[in-house]
Amino acid sequence: MSEKPGELSVNVNVNLPAVPQAEDEAPYSTGLSYGLWCAGLVGACGIHRFYLGKVGTGVLWLLTAGLLGVGQVIDLFRMKSLVRDANIREGRVAHPRQVARGQAAVRQAAIGAGEPGRKLAAPLNLRQQLLKAAMSNGGEITVSQGVMATGRSFEEIESVLNKMTDKGYVDVDNAPGTGVVVYRFPELVTRP
C-alpha cells in the first residue's frame, strides 16, 4: 500500500487475553456454593469454602461451627462475591478492571492511538445516549427505540426513562393509534 506525501498510515493490533465472561463457563457455581452453604446448617460448616478453594478458612469454619454461626451468616450475603473471586483466581473469568482496561485500549486504538495530543473521547453515558436518540427522533423515544440505540436491555432502558420521568425531565404519553408508550423530552420536541 503506497502512501501519499503528508499521509500517515497507522495499523494497530490489540491483543487481549481470551477470558470467558459467561457464568456458564466459570469453574465455580453460585448455586452449588449456596447448596454447600446449606449443608453447613446441619453441621458441615465451611464446606462451601473448601469448594471455593479457601481451605484454610474452610478448616476454621469446620472447627468453630462457622465462627459460631456468625461467619456462616456473613458468607450467605457474600456468596456471589466469594464465587466471583474464586473464578477470577482460577483465571477463567476476567477481573472487571482487566475488562475495563482492555475496552479502553480498544477504544484508544479505534480513534487513532499514537497521534500526539489526541485524547480519548469519553463514552456517552446511558442518559446521554437516550437523549441523542430522542433528539434524532423529534424529541420522542420509545423503550424499543432506546434499546436499538444503546444495545441495552428493555428493563434497563425502561428503568432509566422512568427515573427521568420521576425527576420531571421526560413526559410520558401514548402514541395515537398504537397506544405505545412514548417518552417525550419537552426541550427537544420539534413536532407540533
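Hi everyone, let me start with a pair of side chains: Glu 156 and Arg 152 meet in a salt bridge, with 2.7 Å from N to O. Before I go on, please keep in mind that this is a predicted model. Back to our pair. Glu 156 has a relative accessible area of 33%, so we call it partly exposed. Arg 152 sits at 31% relative accessibility and therefore counts as partly exposed too.

Why might such residues pair up at all? Side chains of opposite charge can do so when their charged atoms come close.

How many salt bridges are there? The count comes to five, and I'd like to walk you through two more of them.

Take Glu 140, which forms a salt bridge with Arg 184; the closest N and O atoms there are 2.6 Å apart. Glu 140 belongs to strand 1, residues 140-141, while Arg 184 belongs to strand 3, residues 181-184, so this pair ties together parts that lie 44 residues apart in sequence. Is Glu 140 buried or exposed? Its relative accessibility is 13%, so it counts as buried.

Now look at Arg 184 again, because its side chain also meets that of Asp 173 in a salt bridge, at 2.9 Å from N to O. Asp 173 is in strand 2, residues 171-174, and Arg 184 is in strand 3, so here the parts tied together are 11 residues apart in sequence. With a relative accessible area of 35%, Asp 173 is partly exposed. Put these bridges together, and the shared partners join Glu 140, Asp 173 and Arg 184 into one network.

Let's step back to the whole fold. The protein has nine helices and three strands. If you follow the elements from the N terminus, you pass seven α in a row, then β, then α-α, and you finish with β-β. Of the 192 residues, 26% count as buried. For contacts between residues at least 6 apart in sequence, 51% join residues at least 24 apart.

And the outside? The protein exposes about 12800 Å², and carbon and sulfur atoms supply 58% of that. One spot I'd like you to find on the screen is a nonpolar surface patch of about 370 Å², made by Val 55, Val 59, Leu 62 and Leu 63. Val 59 has its place in helix 3, which covers residues 55-63. Its relative accessibility is 36%, so Val 59 counts as partly exposed.

That's my tour, thanks for listening, and I'm happy to take questions!

Definitions and conventions
Residues are numbered from 1 along each chain as its sequence is written. This is a predicted model: local features need pLDDT of at least 70, side-chain atom pairs count only at pLDDT 80 or more; totals for chains, interfaces and linings use all residues. Side-chain values use heavy atoms; hydrogens and water are left out. Patches are made of residues with over 30% relative accessible area and no salt bridge: like charges are joined within 9 Å, nonpolar side chains (Val, Leu, Ile, Met, Phe, Trp, Tyr) within 5 Å. Accessible areas come from the Shrake-Rupley method with a 1.4 Å probe; for residues, only the protein chains shown count as cover. A salt bridge is a side-chain nitrogen of Lys or Arg within 4 Å of a carboxyl oxygen of Asp or Glu. Helices (H or I, at least four residues) and strands (E, at least two) are DSSP runs, numbered from the N terminus. Buried means under 20% relative accessible area, exposed over 50%, partly exposed in between (1.4 Å probe, protein chains only). Contact means heavy atoms within 4.5 Å.
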